[in-house]
Amino acid sequence: MAKDKKTGKLPGGWIKVKLGDMSQKLKAGGTPSRDIGEFWDGDIPFVLIDDITRANKYLFSTNKTISKKGLKNSSAWLVPENSILLSMYASLGEVVINKIEVATNEAILAIIPKKEVDLEFEYYLLKFNKKSFEKFITQTTQMNLNKEIISNVVFELPSSIVEQRKIAEILETVDNSIEKTDKIIEKYKRIKQGLMQVLLTRGIVESDELGAMSYELKNEKSDELRVRSYESEHKDDELGIKSYEFEGKRWEIRDEKKHKFKDSPLGKIPEEWEVVELGEVGNVKGGKRLPKGEDFAEIETPHPYIRLADIKELRVNLNSVKYLKKQTWSKIKRYNISRDDIMISIAGTVGLVALIPRELDGANLTENAAKITDIKRFNKQFLAYYLSSWKVQKQINSLLGVVAQPKLALFRIKQIKIPCPPLPEQRRIVSILSQIDKAIEKEEKYKEKLERIKQGLMEDLLTGKVRVEVD
């Protein structure tokens, strides 16, 4: 039974409780004076807001530590494990459960629940009600919360700890699935990085030998990437991959013992490859900012506008793209980008690369990015992969120099050096890397689905709209 909006009646067995009354203790720590010796060089983990935001649900480590002397001579508080840490500055209302004993500063409130409140349930309750803290924000030098405000926030929850635990168990099941999916995504990304490092510098050739290490990159039934065999004396991040099977043939990475390499401005490359500058194989043109006084349309229009915020790992996120009003578009319509072009950021976060999906063919382009158009001698995807590699990112950093606000001039982009393998080999390399990208994208979509399921469950279970069965 959900709460009646007219009468305000709660579901049966539910109560209203202030956070302070749900807790054995609420306390914020303090930052020790910087002149205390060995403050950042001790044995005690010291929590900062960055530690909370990077953690998923549980906090197992911190970036900084405090010495015993620093703790003793300060207002920092040593928080026991299995408490809840809530950020009161910057990322307001973010919460984690600390699985280690930690010291906190004044920006973080530590919460120790009472015995009649389940720890995991309280974590989910606070996470679900994060937005409710915003109306209590105080303005000093920055937006923040404080202990007094938070302790008086009222929550609705089951009085039965058994029901609390059941709700937490359901939500934790979904969290576990999300965590497993995250690990799969990270594994695929490590494989991709290792592959890019060797494929974009050594390439692949057809082989008559059966390598000891191989990957089956395409399963015809499921179109999934899966490891067929993996044996290596190399470190995991190096992967030690030597050969592949796809397109009904066996291919192997070039080996300097079996194949000829030559020196180049990019280091040793296969003898069949050459090095070109980007300006030799494509034109580089800039985007355009919105005219002064103009703003984005509030609804979707026929005129999409691509920003740096829309780029994610060689893709443009269609869900985040903004749209232009017709009159705004008419003023900057020449500054567009097509599906045959490659986008590269030149200001802000410099060096982001993206391919343009067909849905955004002809979209307008931000002034913080350039397009590489009229591409010759290159497979577009191969070029995008190489531009996103560490080799090019290193070149970009050297071209930028030391400046307060980095911006990559268009003529500098033309100077980027790129290896040019034969087109058939470029396509083979793209075939391998794109299969991994598909696997990553599939897992990311599955993760998004799980997160939607979790949000729906939280809305139902943490409000009493749907009740759980309790033995």
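Two aromatic rings of Phe, Tyr or Trp count as a pair when their centres lie within 6.5 Å, and planes over 60 degrees apart make the pair edge-to-face. With that in hand, welcome to this predicted model, in which four aromatic pairs turn up. One of them joins tyrosine 123 and tyrosine 124: the ring centres are 5.0 Å apart and the planes stand at 70°, so the pair is edge-to-face. The protein has 471 residues, and 46% of them count as buried.

**The tyrosine pair and its surroundings**

- Are tyrosine 123 and tyrosine 124 buried or exposed? Tyrosine 123 has a relative accessible area of 1% and is buried.
- Tyrosine 124 is buried as well, with a relative accessible area of 0%.

**Overall make-up**

- Twelve helices and 32 strands make up the secondary structure of the protein.
- Among contacts with a separation of 6 or more, 73% join residues 24 or more positions apart.
- About 25200 Å² of surface is accessible on the protein, and carbon and sulfur atoms account for 47% of that.

**Nonpolar cores**

- In soluble globular proteins, nonpolar side chains tend to be buried together.
- The largest nonpolar core here holds 48 residues, and those touching the most other members are Leu199, Leu278, Leu387, Ile413 and Ile416.
- Which helix gives the most to this core? Helix α6, spanning residues 161–202, does, with eight residues.
- A second core, separate from the largest one, has 33 residues, among them Met88, Ile111, Leu126 and Ile149.
- Back in the largest core, isoleucine 416 is a good residue to click on: once neighbours within four places in sequence are set aside, its contacts are Val276, Glu277, Leu278, Leu387, Val392, Gln395, Ile396 and Leu399.
- Two of these contacts, Leu278 and Leu387, are also listed with Ile416 among the core residues that touch the most other members.

**A four-stranded open sheet**

- Strands β26, β23, β30 and β27 line up in that order as an open sheet with mixed pairing.
- Why do β26 (322–323) and β27 (336–337) stand at the edges? Each has a single partner strand, so one side of each is left without a neighbour in the sheet.
- Strand β23 (residues 304–306) pairs with β26 in the antiparallel sense, over two bridges.
- For a look at the pairing residue by residue, start from proline 304, whose bridge partner in β26 is tyrosine 323.

Definitions and conventions:
Residues are numbered from 1 along each chain as its sequence is written. This is a predicted model: local features need pLDDT of at least 70, side-chain atom pairs count only at pLDDT 80 or more; totals for chains, interfaces and linings use all residues. Side-chain values use heavy atoms; hydrogens and water are left out. Rings of Phe, Tyr and Trp (its six-membered ring) pair if their centres lie within 6.5 Å; planes under 30 degrees apart count as stacked, over 60 as edge-to-face and the rest as tilted. Buried means under 20% relative accessible area, exposed over 50%, partly exposed in between (1.4 Å probe, protein chains only). Two strands pair if DSSP finds at least two bridges between them. Contact means heavy atoms within 4.5 Å. Accessible areas come from the Shrake-Rupley method with a 1.4 Å probe; for residues, only the protein chains shown count as cover. A nonpolar core is a set of buried Ala, Val, Leu, Ile, Met, Phe, Trp, Tyr and Cys residues joined through side-chain atoms within 4.5 Å.
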